[in-house]
Protein chains: 2
Amino acid sequence: MTTRWLSPDEQRAWRAYIAASVLLEDTIDRQLQQEAGMPHVYYSILANLSEVPERRLRMTELAEGLKITRPRLTYAVARLEKDGLVRRESCQWDKRGSVAVLTDEGMAVLEQAAPGHVETVRAALFDRLTPEQVGQLEEIFTSVTEGLQGEGGGSEEVPWRRRSSPSCS
Amino acid sequence: MTTRWLSPDEQRAWRAYIAASVLLEDTIDRQLQQEAGMPHVYYSILANLSEVPERRLRMTELAEGLKITRPRLTYAVARLEKDGLVRRESCQWDKRGSVAVLTDEGMAVLEQAAPGHVETVRAALFDRLTPEQVGQLEEIFTSVTEGLQGEGGGSEEVPWRRRSSPSCS
DNA sequence: TAGGTTTGCTTCAAACTTGAACCAAGCCCC
DNA sequence: GGGGCTTGGTTCAAGTTTGAAGCAAACCTA
């Protein structure tokens, strides 16, 4: 099959997206590194834990929520644990499993870092968008996520299913 | 000043964007790693070089175009040079400078990898968007790039200027 | 034209990410 | 209830990214 190249419109959109997303991630990473001493993903780990009952989540659930690989999460949580922001417990119901728990100190760090983070996101993104554009942004990327969810990466045919496992109290 | 938190709409948009952009980058990285043996940024380096007269660019111009740091580019070009896809020449007009040149082999690798890459981008993104959404995407992220261009990261006041240096033939 | 500053790029150490093993605990099914 | 497969998670080596130095060539400017 002959390649369906991008149209000029699509090219421009793609380039704009790539440039902006790189700049945006860099900006956020730098800001959080400065004010909280950690990169964006690490902050997101704390944030995710903070929003969940008991502030505890199975490693795999956390990884799935953040769309990152398990080894990456293992490494990150190890660092956060060393810093005292997260504690690790083993899951009682499933001896294989382990659970990450946000500590009080982790919660404190998160709360202290949150305003600066939100301000950065606002300044870089939302302050520049109209309300309609906010809606457009959500629609576009929700659609992209749906398309990518669970597809291996190419021509796989793995039927995808979601487990709703409890966080193992 | 009290924090201006994100509204529910903004929250949803932000989460959708983060999730999708992570998934998208991962998908592209994996595809290119498989089919071209290199991550997305490396591919972009080749692509940028291919679009420019003489297929040569000063390191800094290249880094600016890709929105990546100089050390990162140095490392990447070193690898690409080792693979024979890029050659490095020193700039005659400015003895400090060095120039990256896309080799014929690099061009060949690029051309061979391009269709698969475009197909991935299409499948993940453009095939799911209406023409209006393509326009919206461009507008939103062009605006974000403009906002972020040249700002250090926070409260700096550095007036930004662009040099239009020739690529040092 | 000497001295100090800037610019262009690289080097370095430390942190992070990746994919491929690896391992132990559950699951299945006879 | 003992193989064999799957699942949950970690470990490992190799590769990449980062920010801080470092270094040499240009650029002032007196």
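**Close-up views of a predicted protein–DNA model**

**Figure 1. Strands β2 and β3 of chain B pair up.** Let us begin in chain B, where strand β2 (residues 86-90) and β3(B) run antiparallel to each other and are joined by 5 bridges. Please keep in mind that everything shown here comes from a predicted model. To find your way along this pair, look for B:R87, whose bridge partner in β3(B) is B:V101. Strands of a sheet are held together in this way through hydrogen bonds of the backbone, and the pairing can be parallel or antiparallel.

**Figure 2. Strand β3 of chain B also pairs with β1.** Strand β1 (residues 56-58) of chain B is linked to β3(B) by 3 bridges, again in the antiparallel sense. A good landmark is B:L57, which has B:A100 of β3(B) as its bridge partner. Is β3(B) mostly covered or mostly uncovered? Strand β3 (residues 98-102) of chain B is mostly covered, with 4 of its 5 residues buried.

**Figure 3. An open sheet of 3 strands in chain A.** Now we move to chain A, where the strands are arranged in the order β1-β3-β2 with antiparallel pairing. The edges of this sheet are β1 (56-58) and β2 (86-90) of chain A, each of which pairs on one side only. Neighbouring strands are turned against each other by 25° on average, ignoring direction. Look next at β2(A), which is joined to the antiparallel strand β3 (residues 98-102) of chain A by 5 bridges. Within this pairing, A:S90 has A:S98 in β3(A) as its bridge partner. Helix α3 (residues 59-66) of chain A lies across β1 and β3 of chain A, and runs at about 90° to β1(A).

**Figure 4. Chain A as a whole, and a buried threonine.** Chain A contains 6 helices and 3 strands. Reading from the N terminus, you meet its elements in the order α-α-β-α-α-β-β-α-α. Of the 169 residues in chain A, 46% count as buried. Among contacts in chain A with a separation of 6 or more, 58% are between residues 24 or more positions apart. Zoom in on A:T120, which sits in helix α5 (residues 104-124) of chain A. Why does A:T120 count as buried? Its relative accessible area is 13%, and the cut-off for buried is under 20%, so A:T120 falls in the buried class. Setting aside neighbours within four places in sequence, A:T120 is in contact with A:T27, A:I28 and A:Q31.

**Figure 5. The surroundings of DNA strand C.** Around DNA strand C there are 23 residues, of which A:R72, B:T60, B:T74, B:R88 and B:R96 are the closest. Of the atoms of DNA strand C that come within 4 Å of the protein, 71% belong to sugar and phosphate. Which residues should you look for at the phosphates? In the side chain of A:R79, an N or O atom is 2.9 Å from a phosphate oxygen of DNA strand C. A polar backbone atom of A:K95 is also 2.9 Å from a phosphate oxygen of this strand, while for a polar backbone atom of B:S98 the distance to a phosphate oxygen is 3.0 Å. The elements that give two or more residues to this surface are α2 (40-50) and α4 (70-82) of chain A, together with α3 (59-66) and α4 (70-82) of chain B. With 4 residues, α4(A) gives the most. By type, the residues near DNA strand C divide into 12 charged, 6 nonpolar and 5 polar.

**Figure 6. The surroundings of DNA strand D.** Here 23 residues lie around DNA strand D, and those that come nearest are A:T60, A:T74, A:R88, A:R96 and B:R72. Sugar or phosphate makes up 72% of the atoms of DNA strand D within 4 Å of the protein, and the rest belong to bases. The side chain of A:T74 has an N or O atom 2.6 Å from a phosphate oxygen of DNA strand D. For a view of a base, turn to A:R96, where an N or O atom in the side chain is 2.6 Å from a base oxygen of DNA strand D. From chain B, a polar backbone atom of B:K95 is 2.9 Å from a phosphate oxygen of DNA strand D. Two or more residues each come from α3 and α4 of chain A and from α2 (40-50) and α4 of chain B. The most come from α4(B), with 4 residues.

Notes:
Residues are numbered from 1 along each chain as its sequence is written. Chains are lettered from A and ligands numbered from 1 in the order in which they are written. This is a predicted model: local features need pLDDT of at least 70, side-chain atom pairs count only at pLDDT 80 or more; totals for chains, interfaces and linings use all residues. Side-chain values use heavy atoms; hydrogens and water are left out. A residue is near a molecule or strand if one of its heavy atoms lies within 4 Å of it. A polar contact is a pair of N or O atoms within 3.5 Å; within protein, one must be able to donate a hydrogen and the other to accept it, and residues adjacent in sequence count only if both atoms are side-chain atoms. Ala, Val, Leu, Ile, Met, Phe, Trp, Tyr, Cys and Pro count as nonpolar, Asp, Glu, Lys and Arg as charged, and the others, Gly among them, as polar. Two strands pair if DSSP finds at least two bridges between them. Axes are lines fitted to C-alpha atoms, for helices over the stretch in contact, and angles run from 0 to 180 degrees between N-to-C directions. Contact means heavy atoms within 4.5 Å. Buried means under 20% relative accessible area, exposed over 50%, partly exposed in between (1.4 Å probe, protein chains only).
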